[in-house]
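Biologist: I would like a close look at a single part of this protein. Please take me through one strand and whatever surrounds it.

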Amino acid sequence: MAIEGIELAMACARAADEIKAENIRIWDLRGISTLTDFMVVCSGESMPHLRAILRDIDREVSEKKGVQPVYAEGKPDSRWVVLDYVDVMVHIMDSDMREHYGLERLWGDAKEVAWQQ
């Protein structure tokens, strides 16, 4: 049985939270973007932290949900990595890069999804 996009987005956000990623947000892009349904954005404060976030999201989602990204772009050293799960895109960014590129402003029409309980 395929995992729903919202469930996958929440699993990615929770995995990021477990490794102490910062400012984790989920955006619902359905009807706004043809690229993906949900976008998860989170930040790390150092290269080792970015590597750990990437590693743990990939591992946790694979182990718990049986889903692997179909593509990954960037490396932690570039300060911005994207995991593409098709229905969900996860952006793991250095805080400065995140502020500079302003994905939240770019997708300002998107509805934010509450993922914490």
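Which residues point one way from strand 5 and which the other way, and are they buried or exposed?

Modeller: A caution first: this is a predicted model. Now to your strand. Val-88, Val-90, Ile-92 and Asp-94 point one way from strand 5. Met-89, His-91 and Met-93 point the other way. All of them are buried, on either side. Buried here means under 20% relative accessible area. Strand 5 covers residues 88-94, and seven of its seven residues are buried, so the strand is largely enclosed by the rest of the structure.

What does the enclosing? Start with the partner strands. Strand 2, residues 38-44, is joined to strand 5 by seven bridges. These two strands run parallel. One position to find on screen is Met-39, which stands opposite Met-89 of strand 5. Met-89 belongs to the set with His-91 and Met-93.

Strand 4, residues 80-84, also pairs with strand 5. Here the sense is antiparallel, and there are five bridges. Val-81 has Ile-92 of strand 5 as its bridge partner. Ile-92 points the way that Val-88, Val-90 and Asp-94 do. So strand 5 has a parallel pairing with strand 2 and an antiparallel pairing with strand 4, while its seven residues are buried and it is therefore largely enclosed.

The link between strand 4 and strand 5 is a hairpin, with three residues between the strands. Look at Val-86 in that turn. Its phi is positive, about 75°.

Strand 4 is mostly covered too. Four of its five residues are buried. It pairs with strand 3 as well, again antiparallel, through three bridges. Tyr-71 has Asp-84 of strand 4 as its bridge partner. Strand 3 spans 71-73. This pair also makes a hairpin, with six residues between the strands. Gly-74 in the turn has a positive phi of about 90°.

Two residues in the loop between strand 3 and strand 4 deserve a look. Lys-75 sits in this loop. At 60% relative accessibility, Lys-75 counts as exposed. The cut-off for exposed is over 50%. Setting aside neighbours within four places in sequence, Lys-75 is in contact with Trp-80 and Val-81. Val-81 is the residue whose bridge partner in strand 5 is Ile-92. That gives you a path on screen: from Lys-75 to Val-81 by contact, then from Val-81 to Ile-92 by a bridge.

Arg-79 lies in that loop as well. Its phi is near 75°, a positive value in a residue other than glycine. Arg-79 is partly exposed, with a relative accessible area of 30%.

For a view away from the strand, go to Lys-20. It lies in the loop between helix 1 (5-18) and strand 1 (22-28). Lys-20 has a positive phi too, near 70°, and is not a glycine. It is exposed, with a relative accessible area of 62%. One distance links these regions: Lys-75 and Glu-18 are 57 residues apart in sequence, and their C-alpha atoms are 21 Å apart in space.

Now step back to the whole chain. The protein has four helices and six strands. In sequence order they read α-β-β-α-β-β-β-α-α-β. The radius of gyration is 13 Å, close to the 13 Å that the globule rule gives for 117 residues, so the protein is as compact as a globular protein of that length. Its C-alpha trace spans about 35 × 35 × 30 Å along the principal axes.

Burial in the chain overall is 49% of the 117 residues. Set that beside strand 5, with seven of seven buried. Of the contacts with a separation of 6 or more, 59% are between residues 24 or more positions apart.

Last, the surface and the charges. The accessible surface comes to about 6,600 Å², and 49% of it belongs to carbon and sulfur atoms. There are 14 positive and 22 negative side chains. The centres of the two sets lie 3 Å apart.

How values were computed:
Residues are numbered from 1 along each chain as its sequence is written. This is a predicted model: local features need pLDDT of at least 70, side-chain atom pairs count only at pLDDT 80 or more; totals for chains, interfaces and linings use all residues. Side-chain values use heavy atoms; hydrogens and water are left out. The radius of gyration is taken over C-alpha atoms; the globule rule is 2.2 Å times the number of residues to the power 0.38. Buried means under 20% relative accessible area, exposed over 50%, partly exposed in between (1.4 Å probe, protein chains only). Contact means heavy atoms within 4.5 Å. Accessible areas come from the Shrake-Rupley method with a 1.4 Å probe; for residues, only the protein chains shown count as cover. Lys and Arg count as positive and Asp and Glu as negative; His and the chain ends are not counted. The place of a charge is taken as NZ of Lys, CZ of Arg, CG of Asp or CD of Glu. Two strands pair if DSSP finds at least two bridges between them.
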